[in-house]
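Subject: Structure handover and notes

Hello,

Here is the structure I promised to pass on. Please open it alongside this message, and my notes follow below.

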Amino acid sequence: MSWGTELWDQFDNLEKHTQWGIDILEKYIKFVKERTEIELSYAKQLRNLAKKYQPKKNSKEEEEYRYTACKAFLSTLNEMNDYAGQHEVISENMTSNITVELARYVQELKQERKSYFHDGRKAQQHIEICWKQLESSKRRFERDCKEADRAQQYFEKMDADINVTKADVEKARQQAQVRHQMAEDSKADYSSILQKFNHEQHEYYHTHIPNIFQKIQEMEERRIVRIGESMKTYAEVDRQVIPIIGKCLDEIVKAAESIDQKNDSQLVIEAYKSGFEPPGDIEFEDYTQPMKRTVSDNSLSNSRGEGKPELKFGGKSKGKLWPFIKKNKLSLKLGAAPEDFRNLPPEQRRKKLQQKVDELNKEIQKEMDQRDAITKMKDVYLKNPQMGDPASLDHKLTEVSQNIEKLRLEAQKFEAWLAEVEGRLPARSEQARRQSGMFDAQNPATVNSCAQDRESPDGSYTEEQSQEGEGKVLATDFDDEFDEEEPLPAIGTCKALYTFEGQNEGTISVVEGETLYVIEEDKGDGWTRIRRNEDEEGYVPTSYVEVYLDKNAKGAKTYI
């Protein structure tokens, strides 16, 4: 099977076919190039997606990633980065191994094809010239033969005519001989050119064209093999990254299997456990014997001052508001927090203090390492004075020692607070739970305000602890520096819409329909400060009362 013998007369069709083959190759190059662009775009989108969902540094989001589910998600994001990297590898390898190589090969192929068809056209032109020469000699031979016949006929006619002179007859004979000689010469020339043409034609159809077409056939077959190899490379480039992509997927599965729901549940407990004990049972109040009933600690009359027992909180009576409530309310709004974290529930306070102690210990260790390094350098300077002056390090050594001392004092302070908190917390093995606020279960309005009633007006957990049973949390002692402040003037009145049991220190109990004085408006935290008499004042949820402000009062707002 050879194009030279089978397609000897299909020069033009072969030219079109080989051009089509080059077009197919260029089309495949374009396909691979677009695939590499898609891979790069996909990798970029994957990286942007992973980056978008990465936790922001020093944010609340970063704290959430201590849970195993969030850690698994973070691991998935990291693996997606590696996954995207493999698609970039696919793009790079396809570009270098296929696109670039085939583009270079196409240029070489075009040059080779051009050379072969140039040789073919040259051979065609040569055979066409030979054919024209043959046709020319043939026509000349034909013309000379006709001229010789005419000259012979003329001579014979002249020779038969008795009226023609002998000289004219001789002239005609000579002319006939010349024409016969010319015909013979043309015949010889035609025969020679014909033999030459036949030889050239044989060489053209049996040697030159077969050789050229054979080369074109080999070129075309190489092109077909090359595009097949490129398709194999295309598949191999993908296949090479499959193990790495498989590892990425395996890591994602491994991260998913590492999710521990029990551990996450325990982390929720550690994050939000207050350390308070649940409240005790409410005593039954027997209203069938009004003359002999005892006063319950939880009754409304207790907060109204009728036979109210004094619950001791570090030597202070309940009649006085906890001194830190008003001050901390302002400081919390300004973004400040107590240094000892006393505004937090006991368990959360313990965690914060422990975290602070650990941070201080790390800083102390860092300073001690720096002190040791300076000491070693000083010893080197003492042994080798040419390297430096030992006295130049004394100031730095003193400064580091002072820093260590300051940090140690700071750590001791926080350790003392930590020991105080741990001494007041129940045993670590007990199931201590966060104490929630107690409301009137029969009052429907408490459902809408439970979030407000769970915390005191300053946002901290300062709930009263039941005095029943042992092991309950004791109230914190306060210094005598918190003195009674001058009573605030009333800026209006309010009417209680619902009954509210003020169990948190700093709150006050009210009865539905009761009228009281407003001494401080709601500052946006959902609490309004009111007064019943000179000794009884506190906070109630703003949604529990209807406020009527005195427009002439100082600091009062106008409500439309």
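Which residue in E5 is the bridge partner of Ala496? It is Val545. Keep in mind that this is a predicted model.

The sheet

That pair belongs to the junction of strand E1 (residues 492–496) with E5, where five bridges join the two. E1 and E5 run antiparallel. The whole sheet is open and has five strands. Their order is E4-E3-E2-E1-E5, with antiparallel pairing. Strand E4 (537–541) and strand E5 (545–549) stand at the edges. Each has a single partner strand, so one side of each has no neighbour in the sheet. From one strand to the next, the twist averages 40 degrees.

Salt bridges

Side chains of opposite charge can pair when their charged atoms come close. The count here is 22 salt bridges. Three of them are worth a look on screen, and I list them here:

- Glu147 with Arg150: the closest N and O atoms are 2.1 Å apart.
- Glu537 with Arg531: the closest N and O atoms are 3.2 Å apart.
- Arg532 with Glu536: the closest N and O atoms are 3.3 Å apart.

Start with Glu147 and Arg150. Both sit in helix H4 (residues 68–160). They are three residues apart, which means about one helical turn separates them. Glu147 is partly exposed, at 25% relative accessibility. Arg150 is also partly exposed, at 45% relative accessibility.

Now the other two pairs. Are Glu537 and Arg531 buried or exposed? Both are buried. Arg532 and Glu536 are both buried too. The Glu537–Arg531 salt bridge is also part of a network. That network of salt bridges links Glu520, Arg529, Arg531 and Glu537.

Gln370

One more residue to click on is Gln370, in helix H9 (residues 346–383). Its relative accessible area is 30%, so Gln370 counts as partly exposed. Which residues does Gln370 contact, leaving aside its neighbours within four places in sequence? They are Lys396 and Val400. Leu397 is 27 residues from Gln370 along the chain. The C-alpha atoms of Gln370 and Leu397 are separated by 8.8 Å.

To retrace this on screen, begin with Ala496 and Val545. Then go to Glu147 and Arg150 in helix H4. Next, take the network of Glu520, Arg529, Arg531 and Glu537. Finish with Gln370 and its contacts Lys396 and Val400.

Best wishes

Terms used. Residues are numbered from 1 along each chain as its sequence is written. This is a predicted model: local features need pLDDT of at least 70, side-chain atom pairs count only at pLDDT 80 or more; totals for chains, interfaces and linings use all residues. Side-chain values use heavy atoms; hydrogens and water are left out. A salt bridge is a side-chain nitrogen of Lys or Arg within 4 Å of a carboxyl oxygen of Asp or Glu. Helices (H or I, at least four residues) and strands (E, at least two) are DSSP runs, numbered from the N terminus. Buried means under 20% relative accessible area, exposed over 50%, partly exposed in between (1.4 Å probe, protein chains only). Contact means heavy atoms within 4.5 Å. Two strands pair if DSSP finds at least two bridges between them. Axes are lines fitted to C-alpha atoms, for helices over the stretch in contact, and angles run from 0 to 180 degrees between N-to-C directions.
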